[in-house]
Amino acid sequence: MKQSDGLDSFPYPFKEDVYRYSNNSVPMNHPISIEITQSYPEEIELKRELLTAHPERCFQSLRHTIKGQWEILDLVMEHLGTHYPDKFGLDKKGDNWTFTNHLLQEKQSFIFGDESTLPCEPLNYIGRHVQEDLIFMMQRDNDLFLDAGQLCFPANWSLAFDLGMNFKEIHQPIPGFKDEELDERILQFLLKLEPGNPWWRKNWSLMAGNRLDTSLETFDVWGKGRKQVTKENAGEFVHLRVEVQKLFRLPRTGGILFTIHTHLLPLEKLEAKPEWLNQFYQILQELPPYIVEYKGLSLFRGAVLEYLREQVESRKAL
């Protein structure tokens with residue numbers, strides 16, 4: 001469905017030639033929860049199609065999250081109006097607000113805090129205007145719980161299944177997370193997040209195909225693409241999938257907004273960035289089996305390595 005808007009804007013995720021799981025979060029220099037790219041129209045259209053066709057798969061919330069949802073709507077609308085004033089507008093007169101999306105030529109007037117004045121729950125409403133998936137984690141008993149979210153472009157996980165789980169339960173399937181106590185260290189890091197000091201990180205995987213909506217529920221549709229990868233088609237067919245993930249502590253409810261902006265880049269594009277091509281080839285060669293398995297690369301890693309090796313060697317011959 002979607003490819004990255006451009007090589008120069010692609011969030012290449014690697015700094016070293018070896019990859020291991022880690023808490024690679026860093027403070028945000030520009031604390032913006034959202035990013036509008038050239039793919040905005042097509043991604044918003046796809047999001048809304050998925051929300052209409054599969055509402056329970058793409059949006060889930062527990063009733064006690066409504067106050068936090070309004071806080072998220074406030075934060076995201078403020079960022080849209082402040083950082084993209086030519087594309088979005090927000091007019092506040094007390095609790096009477098008007099939000100304008102100039103890109104879609106849509107306007108919504110509503111009373112802040114009054115659900116009946118919006119067409120759907122606040123998180124579900126504002127999520128329909130941004131490319132990011134929006135996850136809301138609430139804090140209680142010195143733990144974090146996934147209590148609401150709008151998730152249209154998941155990387156092989158299920159919002160409906162994970163709803164209400166705590167942080168360690170959600171990440172239990174990741175090999176090595178518990179054994180190395182990485183789950184506890186990251187949880188403690190998240191619990192110490194402060195309002196006004198957001199953090200961000202990049203996560204990556206490889207995708208056989210170019211779908212954004214790789215939900216666990218539709219694995220039978222997109223998962224079979226892994227068996228179709230060859231050395232000959234890997235450059236065009238296989239995509240480097242990168243998620244830009246941001247973490248904002250909400251000052252009033254104390255919850256955490258977790259935004260996920262997904263980018264895809266066909267591997268053939270790496271040829272224009274030799275330093276990326278060489279480094280990713282090194283990383284994929286060295287990747288431990290448990291990471292290969294968890295990221296779902298076992299069926300096509302060999303074909304991708306053959307393709308990358310040919311590209312690297314052909315550049316050496318120039």
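Which residues have the most contacts inside the largest nonpolar core? Select W204, L206, F280 and V304. The core around them has 55 residues. A nonpolar core here is a set of buried Ala, Val, Leu, Ile, Met, Phe, Trp, Tyr and Cys residues joined through side-chain atoms within 4.5 Å. Buried means under 20% relative accessible area, exposed means over 50%, and partly exposed lies in between (1.4 Å probe, protein chains only).

Before moving on, note that this is a predicted model, in which local features need pLDDT of at least 70 and side-chain atom pairs count only at pLDDT 80 or more, while totals for chains, interfaces and linings use all residues. Residues are numbered from 1 along each chain as its sequence is written, and side-chain values use heavy atoms, with hydrogens and water left out.

**Stop 1: W204 and the cores**

Centre on W204. Contact means heavy atoms within 4.5 Å. Leaving out residues up to four places away in sequence, W204 touches P13, F14, Y19, L240, R241, V242, F280, L287, K295 and L297. Apart from this core lies another, of 41 residues. Select L46, C120, C152 and F153 to find part of that second core.

**Stop 2: helix 10**

Next, select residues 274–286, which form helix 10. Helices (H or I, at least four residues) and strands (E, at least two) are DSSP runs, numbered from the N terminus. Helix 10 has 13 residues and reaches 18 Å from its first C-alpha to its last. That is close to the 18 Å expected at 1.5 Å a residue, where the expected span is 1.5 Å times one less than the number of residues. Now colour its buried residues: W276, L277, Q279, F280, Y281, I283 and L284. Their cover includes strand 8 (199–208), strand 9 (238–249) and helix 12.

**Stop 3: the segment before strand 1**

Pick D17, in the segment before strand 1. D17 is partly exposed, at 43% relative accessibility. Outside its neighbours within four places in sequence, D17 is in contact with Q279, Q282 and I283. For a sense of scale, draw a C-alpha to C-alpha distance from D17 to K227: 27 Å in space, across 210 residues of sequence.

Move to R20. Which residue forms a salt bridge with R20? The partner is E286, with the closest N and O atoms 2.7 Å apart. A salt bridge is a side-chain nitrogen of Lys or Arg within 4 Å of a carboxyl oxygen of Asp or Glu. R20 lies in the segment before strand 1 and E286 in helix 10, so the pair ties together parts 266 residues apart in sequence. R20 is partly exposed at 35% relative accessibility, and E286 is partly exposed at 33%.

Then show D8 and K273. They form a salt bridge, with the closest N and O atoms 3.9 Å apart. K273 sits in the loop between strand 10 (256–266) and helix 10, D8 in the segment before strand 1 (26–27), and the two are 265 residues apart. D8 counts as exposed, at 73% relative accessibility.

**Stop 4: more salt bridges**

The count comes to 16 salt bridges. Select helix 12 (residues 301–316) and find E313 and R309, four residues apart and separated by about one helical turn. Their side chains meet in a salt bridge at 3.5 Å, N to O. E313 is partly exposed at 42%, and R309 is partly exposed at 32%.

For a network of salt bridges, select D74, E78, K92 and R252.

**Stop 5: the sheet of strands 3, 4 and 5**

Show the three strands of the open sheet, ordered 3-4-5 with antiparallel pairing. Two strands pair if DSSP finds at least two bridges between them. Strand 3 (88–93) and strand 5 (106–111) stand at the edges, each with a single partner strand, so one side of each is left without a neighbour in the sheet. The twist averages 10 degrees from one strand to the next.

Zoom in on strand 3 and strand 4 (residues 96–101), which pair over six bridges in the antiparallel sense. D91 stands opposite T98, and K93 has N96 as its bridge partner. The two strands form a hairpin with two residues between them. Click G94 in the turn: its phi is positive, about 65 degrees.

Finally, add helix 3 (residues 66–83). Helix 3 lies across strand 3, strand 4 and strand 5, running at about 125 degrees to strand 3. Axes are lines fitted to C-alpha atoms, for helices over the stretch in contact, and angles run from 0 to 180 degrees between N-to-C directions.
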